[in-house]
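Hi everyone, thanks for making time. I'd like to walk you through one structure this morning, so let me put it up on the screen.

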Amino acid sequence: MEYFIVVWFCLFGDCAAGWVNQPFSDKDTCDAYSSVYSMEMQKRVPESSGEIYCVESHILAQARQDLDMVQLQKLEDLPPVKP
């Protein structure tokens with residue numbers, strides 16, 4: 001079974017849903033990565049809020065059909081934070 005990170009985020013009153021197109025083979029690894037992802041997003045955009053979930057691939061597929069989701073970058077693909 002594959003797990004994916006799904007993010008619900010809000011910035012200045014506008015909210016959106018997104019996912020990270022990086023499959024994980026187990027929920028524990030996905031949870032660990034999502035924790036690091038959350039910390040990185042808070043560092044980059046501290047005024048944002050939201051929630052992160054690890055979901056099975058079939059749940060992500062359904063959510064992508066039901067919601068207007070954006071694909072988010074993997075941590076490894078994010079540009080460096082400028083001081």
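I'll go through the disulfides, then the nonpolar cores, then the aromatic rings.

One thing to keep in mind as we go: this is a predicted model.

Let's begin with the sulfurs. How many disulfides does the count come to? The count is 2, and with bonded cysteines counted along the chain, they follow the pattern 1-2, 3-4.

Cysteine 10 and cysteine 15 make up one of these links, with sulfur atoms 2.0 Å apart. For the torsion fans here, the angle about the S-S bond is 105°, which makes this link right-handed. Its two ends sit in unlike surroundings: cysteine 10 has a relative accessible area of 16%, so it is buried, while cysteine 15 is at 39% and therefore counts as partly exposed.

Now to cysteine 30 and cysteine 54, where the S to S distance is 2.2 Å. Here the angle about the S-S bond is -95°, and the link is left-handed. Which parts does this pair tie together? Cysteine 30 belongs to helix 1 and cysteine 54 to strand 3, residues 49–56, so the bond connects parts 24 residues apart in sequence. Both of these cysteines are buried.

That pair leads us into the interior, since cysteine 30 and cysteine 54 are also members of the largest nonpolar core. This core has 12 residues in all, including Tyr3, Ile5, Val7, Val20 and Leu78. Strand 1 (3–11), strand 2 (14–24) and helix 1 (27–44) each contribute at least two of its residues. Apart from it there is another core, of 8 residues, with Phe4, Leu60, Ala63 and Met69 among them.

If you'd like one residue to click on, try leucine 72, a member of the 12-residue core. Leaving aside neighbours within four places in sequence, leucine 72 is in contact with Val7, Phe9, Gly18, Trp19, Val20, Asn21 and Tyr37.

And finally, the rings. There are 2 aromatic pairs in the structure. In the pair of phenylalanine 24 and tyrosine 33, the ring centres are 5.0 Å apart and the planes meet at 50°, so this pair is tilted. Are these two residues buried or exposed? Phenylalanine 24 is buried, at 7% relative accessible area, and tyrosine 33 counts as buried too, at 10%. Together with Tyr37, they form one aromatic cluster, and Phe24, Tyr33 and Tyr37 are each listed in the largest nonpolar core as well.

That's my tour, and I'm happy to take questions.

Key: Residues are numbered from 1 along each chain as its sequence is written. This is a predicted model: local features need pLDDT of at least 70, side-chain atom pairs count only at pLDDT 80 or more; totals for chains, interfaces and linings use all residues. Side-chain values use heavy atoms; hydrogens and water are left out. Rings of Phe, Tyr and Trp (its six-membered ring) pair if their centres lie within 6.5 Å; planes under 30 degrees apart count as stacked, over 60 as edge-to-face and the rest as tilted. Buried means under 20% relative accessible area, exposed over 50%, partly exposed in between (1.4 Å probe, protein chains only). A nonpolar core is a set of buried Ala, Val, Leu, Ile, Met, Phe, Trp, Tyr and Cys residues joined through side-chain atoms within 4.5 Å. Helices (H or I, at least four residues) and strands (E, at least two) are DSSP runs, numbered from the N terminus. Contact means heavy atoms within 4.5 Å. A disulfide is a pair of cysteine sulfur atoms within 2.5 Å.
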